[in-house]
Amino acid sequence: MPGKLNRTVATEQESKRWIPSDAKTIYNLPFNDLLYRAQTVHRANFDPNAVQMSRLLSIKTGGCAEDCGYCSQSAHYPTGLKASKLMEVERVIAEARKAKEGGATRYCMGAAWRSPKDRDMDAIVAMVHGVKALGMETCMTLGMLSPDQSAALADAGLDYYNHNIDTSERFYSEIITTRTFADRLETLSNVRDAGIKVCAGGILGMGETADDRISMLVTLANLPSPPESVPINMLIPIPGSKLADAAPVDPIEFVRTIALARILMPQSHVRLSAGRTEMTDEMQALCFFAGANSIFVGDALLTADNPGEDHDAGLFRRLGLKPMALEPNT
Ligand code: SAM
Ligand code: DTB
Ligand code: SF4
C-alpha cells in the first residue's frame with residue numbers, strides 16, 4: 001500500500017492535502033480493512049471508549065428563508081412546522097442547566113436563519129455568556145456570518161460555530177438553491193479567522209453518490225485547518241420537504257463514510273449526529289468502532305426526535321463507553 005495512504009499520526013494532518021482518488025481507494029477497501037485502519041487512527045489520537053456529548057436547542061424555530069430540501073424549518077415547503085420568535089435568554093440558560101444535569105458538556109444553540117440580524121446580536125451574546133457561566137462549552141449555528149459577526153461571537157467567548165457544507169460541491173445545487181457552496185466556505189473561513197473552533201459536516205441519504213460523500217469529506221479535510229468537529233447526519237425524512245421520499249442510505253455505506261472521516265481527519269471529533277432513532281444499536285456500535293466519538297444527547301434535536309437519555313445510557317453500558325471529559329481550560 002502506498003505510504004501516503006498509511007498515515008495515522010495526528011501531526012501529519014496539518015500538511016496533508018487529500019486527493020479524491022486516494023480517499024476513494026480507502027472508502028472502497030474491504031470493510032474489515034477499512035474498519036481496522038480507522039480504529040488504528042482513532043486509537044492513535046483518542047481514548048477509543050470516550051464519547052463527547054452535546055445537547056441541541058432550537059432558539060428560533062421555523063419560517064426560514066432558505067430552501068434546504070431536507071429541512072423542516074424552510075418556509076419554502078409545507079412541513080407543518082409552526083414558526084416561533086427568538087427564545088428569551090433566561091429560558092435558554094434554564095434549558096442549558098437541565099442539559100448539563102443530563103450529562104452534556106457542550107450546548108449547541110440553533111436558529112432557523114439565513115444569517116443573524118444585527119438586532120438579535122445582543123441576545124445571542126447574552127446566551128453565550130449565560131451558558132458559558134454554567135461551565136459548558138458553547139456552540140451556535142445561526143446561518144451565514146460576516147467577518148464582523150464572527151468577531152462579535154468570538155469576543156463573546158463562543159467556543160464552536162456549526163455550519164455544514166452538507167454534501168459535495170457538485171450535488172449542492174440539487175439540495176439548496178438560495179445560497180452556494182462557496183457561500184458556505186466563506187462563512188467557515190470567517191469563523192476560523194475570528195478564532196472560533198469550527199464544526200462542519202453534512203448529511204447522508206439525500207440521493208448523493210459515494211463520490212459525493214467522499215468529495216464532501218475531502219473538502220472538509222483540505223480546509224486550511226480541518227474542522228475540530230465533523231457532524232455526520234443521516235437524513236431524517238421530513239414530510240412535505242423536497243427530500244421527504246429520499247431512499248435511505250445503506251448502513252454499511254454510512255459506516256464507511258464515518259471511517260473515512262476518521263482517517264482523513266484524525267484529530268477531529270466525528271459526530272454520529274441526526275438520525276440515530278432510525279439506527280439499530282449494532283449500527284451505532286459499528287459507527288463508534290469506525291471512529292465516531294461524539295453524539296447529541298437528549299430526546300430532541302432541533303425539531304426532530306433523538307434517542308433520549310435512557311436508551312443512550314443502556315447503549316453506553318452495553319458497549320462500555322463513557323462520557324468524554326471536558327478539556328481543562330473550558
Ligand atoms: N440555519 C442554520 C444553517 O443552516 O446553518 C442552522 C440550523 S440547520 C437545521 C443545521 C444543520 O442540520 C443543517 O446544515 C443540516 O446539515 C442538518 N439538518 C437539518 N435538517 C436535517 C434533517 N432533516 N436530517 C438530517 N440533518 C438535518
Ligand atoms: C448538525 O450537523 N446536526 C444538528 C446540528 N448540526 C445543528 C441538527 C440536526 C437537525 C436534525 C433535524 C431537526 O431536528 O430538525
Ligand atoms: Fe434554514 Fe438552516 Fe433549515 Fe436551511 S437548514 S432551511 S438555513 S434552518
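This is a short walk through the surroundings of two ligands and one loop residue. Keep in mind as you look that the model is predicted.

Let us begin with ligand 1. There are 16 residues around this ligand, and those that come nearest are Thr141, Asn164, Asp166, Arg184 and Ile236. Sorted by class, the shell around ligand 1 holds 10 nonpolar residues, 4 polar ones and 2 charged ones. Several polar contacts can be picked out here. An oxygen atom of ligand 1 is 2.6 Å from a polar atom in the side chain of aspartate 166. With tyrosine 70, the contact is made by the backbone: one of its polar backbone atoms lies 3.0 Å from a nitrogen atom of ligand 1. Tryptophan 113 also offers a polar backbone atom, 3.5 Å from a nitrogen atom of ligand 1. How much of ligand 1 does the protein bury? On its own, ligand 1 exposes 550 Å², and 90% of that is buried by the protein. If you look for the largest cavity, you will find it in the space that ligand 1 takes up.

Now turn to ligand 2, which has 14 residues around it. The nearest of them are Asn164, Asn233, Leu302, Thr303 and Ala304. You have met Asn164 already, as it is also listed among the residues that come nearest to ligand 1. The shell around ligand 2 is made up of 7 nonpolar and 7 polar residues, with no charged residues.

Asparagine side chains supply polar contacts to ligand 2. The side chain of asparagine 164 places a polar atom 2.8 Å from an oxygen atom of ligand 2. For asparagine 233, an N or O atom of the side chain is 2.8 Å from an oxygen atom of the ligand. Asparagine 162 faces a nitrogen atom of ligand 2 instead, with an N or O atom of its side chain 3.3 Å away. Taken alone, ligand 2 has 400 Å² of accessible area, of which the protein covers 87%. The space taken by ligand 2 is likewise the largest cavity.

The last stop is serine 84. Where does serine 84 lie? Look in the loop that runs between strand S1 (50–60) and helix H3 (89–101). Serine 84 has a relative accessible area of 34%, so it counts as partly exposed. In sequence, serine 84 is 24 residues from lysine 60, yet in space their C-alpha atoms are 6.1 Å apart.

How values were computed. Residues numbered from 1 in each chain as written. Chains lettered and ligands numbered in written order. Predicted model: local features only at pLDDT ≥ 70, side-chain atom pairs only at ≥ 80, totals over all residues. Heavy atoms only, no water. Near = heavy atom within 4 Å. Polar contact = N/O pair within 3.5 Å; in protein donor to acceptor, adjacent residues only side chain to side chain. Areas by Shrake-Rupley, 256 points an atom, 1.4 Å probe, with all protein chains shown as cover. 1 Å grid on protein atoms, 1.4 Å probe; cavity = no way out; pocket = protein on both sides within 12 Å on 5 of 7 lines; lining within 4 Å. Sits in = over half its atoms within 2 Å of the grid points. Nonpolar A, V, L, I, M, F, W, Y, C, P; charged D, E, K, R; others polar. Helix = DSSP H or I, 4+ residues; strand = E, 2+ residues; numbered from the N terminus. Buried < 20%, exposed > 50% of the residue type's maximum accessible area, 1.4 Å probe, protein only.
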